[in-house]
Amino acid sequence: RTCHMVATLASVFNWTAIVGAARYEWQVALASDPGTPLRSDELTGTSVAATTVMLGFDAAAYKFRVRAELSSIDGPWSAWVDFDFTPLSAPVVTIT
């Protein structure tokens, strides 16, 4: 089951802890092509800042998922979570 959200660079991706997990692996992909992750990484906590996940990406629809890793065993992936990403807007410069 997926839910649809909006993320900005101020957002944080969070997930539930799995007992015994040594670390977590996350992936982000375009919603139109989830079979080709654009970025992935591993970490020991249960959250990752959107600045780590989405920095440099354009406004579009994306998917995010995570799995626990127990020693040398990879757990199953979570369901993909669909979200729209809105990057920071560029400031407008005026000269008076």
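Two strands pair if DSSP finds at least two bridges between them. Strands (E, at least two residues) and helices (H or I, at least four) are DSSP runs, numbered from the N terminus. The model is predicted: local features need pLDDT of at least 70, side-chain atom pairs count only at pLDDT 80 or more, and totals for chains, interfaces and linings use all residues. Residues are numbered from 1 along each chain as its sequence is written, and side-chain values use heavy atoms, with hydrogens and water left out.

**Exercise 1. Trace the pairing of β6.**

Task: find which strands β6 is joined to, and by how many bridges.

Solution.
- Step 1. Start with β3. It is joined to β6 by 8 bridges, and the two run antiparallel.
- Step 2. Go to β8. Here 5 bridges make the link to β6, again antiparallel. Phe64 stands opposite Val81 in β8.
- Step 3. Finish with β7 (residues 73–74). It is antiparallel to β6, with 2 bridges. Glu69 stands opposite Asp74 in β7.
- Step 4. Inspect the hairpin of β6 and β7. There are 2 residues between the strands, and Ser71 takes a positive phi near 55°.
- Step 5. Check the cover. Buried means under 20% relative accessible area, exposed over 50%, and partly exposed in between (1.4 Å probe, protein chains only). In β6, 8 of the 11 residues are buried.

**Exercise 2. Place Glu25.**

Task: decide whether Glu25 is buried or exposed, and find what its side chain joins.

Solution.
- Step 1. Locate the residue. Glu25 lies in strand β3. Of the 8 residues of β3, 6 are buried, so the strand is largely enclosed by the rest of the structure.
- Step 2. Read the area. Glu25 has a relative accessible area of 13%, so it is buried.
- Step 3. Look across the sheet. Glu25 stands opposite Arg67 in β6. Their side chains are joined by a polar contact of 2.9 Å. (A polar contact is a pair of N or O atoms within 3.5 Å; within protein, one must be able to donate a hydrogen and the other to accept it, and residues adjacent in sequence count only if both atoms are side-chain atoms.)
- Step 4. List the contacts, meaning heavy atoms within 4.5 Å. Leaving aside neighbours within four places in sequence, Glu25 touches residues including Asp41, Glu42, Arg65 and Trp77.
- Step 5. Turn to the other partner of β3 named here. Strand β4 (residues 39–43) runs antiparallel to β3, with 5 bridges. Gln27 stands opposite Ser40 in β4.

**Exercise 3. Map the core and the rings.**

Task: find which residues touch the most other members of the largest nonpolar core, and which residues the ring pairs link into a cluster.

Solution.
- Step 1. Define the core: buried Ala, Val, Leu, Ile, Met, Phe, Trp, Tyr and Cys residues joined through side-chain atoms within 4.5 Å.
- Step 2. Find the hubs. Among 19 residues, Phe13, Met54, Phe64 and Phe83 touch the most other members. Two or more residues come from each of β3 (23–30), α1 (50–54), β6 (60–70) and β8 (81–85). β6 gives the most, with 4.
- Step 3. Pair the rings. Rings of Phe, Tyr and Trp (its six-membered ring) pair if their centres lie within 6.5 Å; planes under 30 degrees apart count as stacked, over 60 as edge-to-face and the rest as tilted. The whole structure holds 8 aromatic pairs. Phe57 and Tyr62 have ring centres 5.6 Å apart and planes at 15°, so this pair is stacked. Both Phe57 and Tyr62 are buried.
- Step 4. Join the pairs. The cluster links Phe13, Trp15, Tyr24, Trp26, Phe57, Tyr62, Phe64, Phe83 and Phe85.
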